[in-house]
Amino acid sequence: MSLIKYESFVREPLVDRDKNYNQVTEDIVYTIEAKPTRLWYIGFYISVALLLFGVYSLYRDVAYGIGQWNLGKTLGWGWDITNFVWWVGIGHAGTLISAILLLFRQGWRTGVNRAAEAMTIFAVICAGQFPIWHMGRVWMAMFVMPYPNTRGPLWPNFNSPLLWDVFAISTYFTVSLLFWYSGLLPDLATVRDRAKTKFRKLMYGIASFGWSGSTKHWQRHESLSLVLAGLSTPLVLSVHTIVSFDFATSVVPGWHTTIFPPYFVAGAVFSGFAMVQTLMIITRRVMNLQDYITLGHIEAMNKVIVLTGSIVGCAYLTELFIAWYGANTYEYDIFFKYRIAGAYGWSYWLMMTCNVISPQLFWFKKLRRNIGFTFFMSIVVNVGMWFERFVIIVSSLYRDYLPSSWSLYYRPTIFEVGFYLGTFGLFFTCYFLFSKYFPVIAIAEIKSILKTSGESYKEKMADLENMSVEEFYAKTHDHH
Amino acid sequence: MDIRKFVVGSFDDEAVLFPAVKKVRKAGYKIHDVYTPFPVHGLDGALGLRDTSLHTAGFIYGLTGLTTALGFISWILTRDWIQNYGGKPHFSLPAWIPIMFELTVLFSAVGMVLTFCYLCQMAPFVKKHIFHPRATDDLFVMVIECTSKTNVKETEDFLAAAGAKEINVQIAEAGWWLGRYDQDSKLFDNKSETVTA
């Protein structure tokens, strides 16, 4: 059996420079074993400061009530649910990269999957905060769980999309966490076995669950990863579908559209990949991982961004068309009077520019492979996707059926903004800790593709590439 | 305690490891295990391991989740506490599909991971003997178990001929125990008589 899988020579290597297995370990584990840099401390402290401000904002929310926010009639949802949907969307790229790309056998996922999965988990933690604290009386949050109680027992309404959301988000969080951690076990064992300090041996010894690298364990591990990927694929699609049901099953004009599930899922992948780009471009630079997260990786992700951005664009135009074609007065008014025009028209056009028009620049290969431009675009896309949710929520709510209940212009309070900034703090605090204490790249997975997709091995492929079919056949069959 | 004697050969290339595994098995040696830094495809087959049934377990857990969700929700909404939600039928299956799906995935994933940990005997504070610290880095470590008939010297020579870079003999616990990796837990001091070979 030939170990070297024949792969096209013209494909870019997934790992640059001549590396062996040990070097892969050294390169990736380096940041765990070295002292954190000054830059790391600065970033970490800024994140913690933001987190603390978020905690204070939540303290105000709990102590004084939801009145600390500028929600009211008829805007029952505002920044909070916008942020919730935005963070859940960001939490989609990780599972998409690790699960769907695994099923599609995309080799390039190995460079970015670990960090993207971690990002998913942190983003879902951030997302979960918004509906929970929006409850106001947050100490009753457990009422959403179906547990036997002395109130009847009074069960939650299983027909409600809001309860579906509880199940979807918590399942998504649990499964993502299991998928991420089971993939981490072998790499944590790698750190454990080369640890020099007692403390590191102890901690990574506990964290790696006694992983040994036994062939049978690898076989089960492979099976586990594959099935978890198979489960996560419909799961990731279901989560944002269900989030979109929060809107789509209502009778609010601008919300009850059947296009929402696919449109939300595409948007989630779009914004998730943008966030992965933001983080990866910084991570590869700061942690010196350019050989593993190559320009090829960045370009591949930009291709996903331009694809999903175009799907989102189609959805926006379809919505507008149907609002006109459907001949429903309320639907028409929401879209043509209060969405693309009206007090919040600016946010609609900001969304259109960021999500539909500017990502089209990624059709140019030069721009797809330009790191500075990609970084800039990743921010633009995330701003655009935040405004998408803002537009959907606010522009549908601020003009009710009754003009007497129309809202004043909605501006968030400092504590509404503070809560949002606080989740940024939470997200980046987690990410900084992760990048310091965990292998940010899946070491074992990189090693398993090294011989088929590493640069030095690719070069050897050139001989095979230039062989005639007869020579190739003779060479590959002579030892049998 | 399950203390045995092993001959350990470390290879630095999986392309050498494969023919070595074949040769060692053909010669009749008992391979305890091969420890690799990443999943080497086809190695389980070469070692004669049967395919894992973990995915079947996952399927069963999934079905359990599905029936749990369906049974629980239909019991609550049609028996235990009947409520009128907008005049809709009490048994409204389409509205339950999202939660039924989520619980299928949840049960399957959690069950599979727990089963995986159980089968591989993995948990926090579980400790196992490390035959070579570089088995999780860049070496492929073949561990041959010594039986009463094994000639250690001959085995070592055989491994060297098969391409092993480092060869040594170790007396070690074959299973797992509770311990910390920063401490050498002395499991079998002065108990050399328990060694079976």
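This tour of a predicted model proceeds from chain B to the side of chain A that touches it.

**Chain B on its own**

Select chain B and colour it by secondary structure. Chain B contains 5 helices and 6 strands. Followed from the N terminus, the elements of chain B come in the order β-α-β-α-α-α-β-β-α-β-β. With its radius of gyration of 25 Å, well over the 16 Å given by the globule rule for 197 residues, chain B is more spread out than a compact globule. Next, display the C-alpha atoms alone: along the principal axes, those of chain B fill a box of roughly 85 × 40 × 30 Å.

Keep chain B selected and turn to its packing. Of its 197 residues, 34% count as buried. Among contacts in chain B with a separation of 6 or more, 83% are between residues 24 or more positions apart.

**Where chain A meets chain B**

Now show both chains and select the residues in contact between them. On this selection, 57 residues of chain A are in contact with 59 residues of chain B. On the chain A side, the elements that give two or more residues are helix H1 (21-33), helix H6 (161-193), helix H7 (198-207), helix H8 (215-248) and helix H16 (443-453) of chain A. Select H8(A) next: this helix supplies the largest share of the side of chain A that touches chain B, 16 residues.

Finally, colour the side of chain A that touches chain B by residue class. Its residues divide into 26 nonpolar, 22 polar and 9 charged.

Note on methods: Residues are numbered from 1 along each chain as its sequence is written. Chains are lettered from A and ligands numbered from 1 in the order in which they are written. This is a predicted model: local features need pLDDT of at least 70, side-chain atom pairs count only at pLDDT 80 or more; totals for chains, interfaces and linings use all residues. Two residues are in contact if their C-beta atoms, placed from the backbone, lie within 7 Å. Helices (H or I, at least four residues) and strands (E, at least two) are DSSP runs, numbered from the N terminus. Ala, Val, Leu, Ile, Met, Phe, Trp, Tyr, Cys and Pro count as nonpolar, Asp, Glu, Lys and Arg as charged, and the others, Gly among them, as polar. The radius of gyration is taken over C-alpha atoms; the globule rule is 2.2 Å times the number of residues to the power 0.38. A residue is buried if 20 or more other C-beta atoms lie within 10 Å of its own, exposed if 12 or fewer, and partly exposed in between; C-beta atoms are placed from the backbone.
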